[in-house]
Amino acid sequence: MQVGLRQTSELLNSDSKPPELNGQDSKVSVVFELRAAASGGETEVSRTTWAHHAPYLYKEIRETFGISDGEFLGSVSSEAKIRELPTPGRSGALFYITEDEEYFIKTISQDEEKKLKLMLPGYVKHIKRYPNTLLTKFVASFYIKTAQRHHIRLVAMGSIFRGGLYIDRKYDLKGSVINRRASEKEKLKDFVTLKDLDMEPLYFVPEVLDRILAIIERDSEFLEQEGIMDYSLLLGLSEVMPGERTHEDVYGEDEKAAPWVFGYQKYVGQDGERFVTHRICLGIIDILQPYTKRKQVEFVGKVCRHCSSGVSPSLQFFFQSPERSTVKIQRVLLTSEQHLNASR
């Protein structure tokens, strides 16, 4: 995997004049074989095929997100360490993270790979128009065919939790209430991912919330156009300790330059009620799930069981306008300048 990424980069950079990108570039792949030989190099014992989809488009994507080839390869190349993570969901996908925790690599299904290929041209246009998007940052897509003819499909993504932050708590939010509470068994895990009903309301100053909702509105509209559903808003909280510098040392005075926003939660202690400041990282994840017939049947079943049309907020995203879809998110990301000021 790491050798393949480095080889692909070297092949792309060997072009003295990269081709002009067009609508066909999403269908182009770089394919080569990786061969392992027995001791002495005479007898071939393994042959593996490596393929990188749309390499020039992904190079453009990385550049759009301000990621240089040197930076990317420094994290994922054969000299760096990549470790496997416990699988956080029910999909059975394998997750890997780079040593610097800047990138994740995830195995994906054939259907997910197909969906990513189909949406890639529109995705590139969207992120170039809105580079502050909260959509998953796909930075490479490739597969490995082993000597036993097994296909391993993977995608590399930029981490949402950047900047060396220690994340105190993280949440997978859908704006729904059905089965949206982590179980007691899940809460015993070291790196539990909590859900909607586990989170206390968040407060933002109005201009920050307006900015977040505007981004979510644009991103959800794009996903609606692509027929994507069942995605989540991944949110991480990192508490700002008293006297701690927030962002100026690294990112300057402009808070927008930091890979997080500031938000507040109420805390009730022996000294009364106060607001705790958090750095908040946000990202829209699991965006390769199309609204298939199986998903439609699954939704109807949930509605019948729970007598509710609000079982899946993603269906609301899919069928309704961005104005309606942001309402459910706003129930999670609450703000009130009057309440904030009155409680300080």
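This is a short dialogue on reading aromatic pairs and charges over rings in a predicted model.

Reader: How is a pair of aromatic rings described?

Author: Two values do the job: the distance of the centres and the angle of the planes. In this model, the count comes to four aromatic pairs. A good one to begin with is W50 and F142, with 4.7 Å centre to centre and 25° between the planes. Planes under 30 degrees apart count as stacked, and that is the label this pair receives.

Reader: Which parts of the chain does the pair of W50 and F142 link?

Author: W50 belongs to strand β2 (residues 44–53) and F142 to strand β6 (residues 138–145), so distant parts of the chain, 92 residues apart, are linked.

Reader: Are W50 and F142 buried or exposed?

Author: W50 counts as buried at 1% relative accessibility, and F142 is buried too, at 0%.

Reader: Thanks! How are the rings of Y123 and F138 arranged?

Author: Their centres are 5.6 Å apart and their planes stand at 55°, so this pair is tilted. Y123 sits in helix α4 (residues 110–129) and F138 in strand β6, so the pair ties together parts 15 residues apart in sequence. Y123 is buried, with a relative accessible area of 1%, and F138 counts as buried at 3%.

Reader: Now for charges. Which residues lie over the faces of F65 and W260?

Author: Over the face of F65 you will find K137, at 5.0 Å from the ring centre. R279 lies over the face of W260, at 5.5 Å from the ring centre.

Terms used
Residues numbered from 1 in each chain as written. Predicted model: local features only at pLDDT ≥ 70, side-chain atom pairs only at ≥ 80, totals over all residues. Heavy atoms only, no water. Phe/Tyr/Trp six-rings, centres within 6.5 Å; stacked < 30°, edge-to-face > 60°. Helix = DSSP H or I, 4+ residues; strand = E, 2+ residues; numbered from the N terminus. Buried < 20%, exposed > 50% of the residue type's maximum accessible area, 1.4 Å probe, protein only. Lys NZ or Arg CZ within 6 Å of the ring centre and 35° of its normal.
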